[in-house]
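Open the model in a viewer and keep the sequence panel visible. The stops below go from a single residue pair outward to the sheet, the core, the helices and two loops.

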Amino acid sequence: MDNQNAPIASAGNAVTGEAERLGLYLAGEVEGCELCSSPGGEILWEDDFCRVVRVADADYPGFCRVIVRRHVAEMTDLSTDERSRLMSVVFTVEQVVRSVFLPDKINLASFGNVVPHLHWHVIPRWRDDRHFPQPIWGSAQRVSSPARAPVPNFRLATEIGARIAQYGKGESI
Ligand SMILES: [Zn+2]
């Protein structure tokens, strides 16, 4: 193991932790990251760059997330093209959630403080929902949200897929 060009990962125990971390990073997954190891919700649409999932939350029935496939933490970790591609998907999901659920407001949010794997929340809000006008992570204002008309996953999936296909005709999203 005198070869200085040997891959870091085979260089021995001394650097195992960092090398493993680097190897996992290069492989596109980070151990212990729940958005690398699980979808993060019911998958409605996905391509090689990102996925749209629906979050199971009875108070917020159209709550979706747009999750970048590879493990990056910040918008500025993406190329310029990737940033606009991601936001196009976020805005498409926003349009669909608006048209299907008719909320009073949409909340878009990207935090990643707990799971630093880039994702956007698209959350329909109603004036009578559980937290309004607080963010949904704020203090509850009511016991629960009123029941809304159920919308099956396949309907959301179909509408999101159709809009993205239409939007992306001829070029990337
Ligand atoms: Zn991750």
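Which residue in β3 is the bridge partner of Val52? Select Val52 and look across to β3: the partner is Val66. Bear in mind throughout that this is a predicted model.

**Stop 1: strand β3**

Select residues 64-68, which make up β3. Five of the five residues in this strand are buried, so the rest of the structure largely encloses β3. Turn on the side chains. Cys64, Val66 and Val68 point one way, while Arg65 and Ile67 point the other way. Note that Arg65 is among the buried residues here.

**Stop 2: the two neighbours of β3**

Add residues 50-54, strand β2. β2 and β3 are antiparallel and are paired over five bridges. Now add residues 119-125, strand β5. This strand also runs antiparallel to β3, and four bridges join the two. Two residue pairs can be picked out along that seam. Ile67 stands opposite His119, and Arg65 has His121 as its bridge partner in β5.

**Stop 3: the whole sheet**

Show all the strands. Five of them form an open sheet in the order β1-β2-β3-β5-β4, with antiparallel pairing. The edge strands are β1, residues 42-46, and β4, each of which pairs on one side only. From one strand to the next, the twist averages 20°. In general, strands of a sheet pair through backbone hydrogen bonds, so displaying those bonds is a direct way to trace the pairing.

**Stop 4: the nonpolar core**

Select Val52, Cys64, Val66, Val93 and Val122. Of the 24 residues in the largest nonpolar core, these touch the most other members. The elements giving two or more residues to this core are β1, β2, β3, α3, β5 and α4. The most comes from α3, which gives six residues.

Centre the view on Val93. Which residues is Val93 in contact with, leaving aside its neighbours within four places in sequence? They are Val52, Cys64, Val66, Val122 and Ile160.

**Stop 5: helices α3 and α4**

Select residues 80-101 for α3 and residues 153-167 for α4. The two helices pack at an angle of about 135°, and their axes are 10 Å apart. That angle makes α3 oblique to α4. The crossing of α3 past α4 is right-handed.

To see the interface, colour Ser88, Val89, Thr92, Val93, Gln95, Val96 and Val100 in α3; these meet Arg155, Leu156, Glu159, Ile160, Arg163, Ile164 and Tyr167 in α4. Then bring the sheet back into view: α4 lies across β1 and β2, and runs at about 15° to β1.

**Stop 6: two loop residues**

Go to Leu102, in the loop between α3 and β4, the strand at residues 105-109. Is Leu102 buried or exposed? Leu102 counts as exposed, because it has 12 C-beta neighbours inside 10 Å and the exposed class takes in 12 or fewer. Check its backbone as well: phi of Leu102 is near 50°, a positive value in a residue other than glycine.

Finally, select Phe132 and Pro133. The peptide bond joining them is cis, with omega about 5°. Pro133 is found in the loop between β5 and α4.

Terms used
Residues are numbered from 1 along each chain as its sequence is written. This is a predicted model: local features need pLDDT of at least 70, side-chain atom pairs count only at pLDDT 80 or more; totals for chains, interfaces and linings use all residues. A residue is buried if 20 or more other C-beta atoms lie within 10 Å of its own, exposed if 12 or fewer, and partly exposed in between; C-beta atoms are placed from the backbone. Two strands pair if DSSP finds at least two bridges between them. Axes are lines fitted to C-alpha atoms, for helices over the stretch in contact, and angles run from 0 to 180 degrees between N-to-C directions. Two residues are in contact if their C-beta atoms, placed from the backbone, lie within 7 Å. A nonpolar core is a set of buried Ala, Val, Leu, Ile, Met, Phe, Trp, Tyr and Cys residues joined through C-beta atoms within 7 Å. Angles under 35 degrees count as roughly parallel, over 145 as roughly antiparallel, 65 to 115 as roughly perpendicular and the rest as oblique. A crossing is left-handed if the near helix is turned anticlockwise from the far one by less than a right angle, and right-handed if clockwise.
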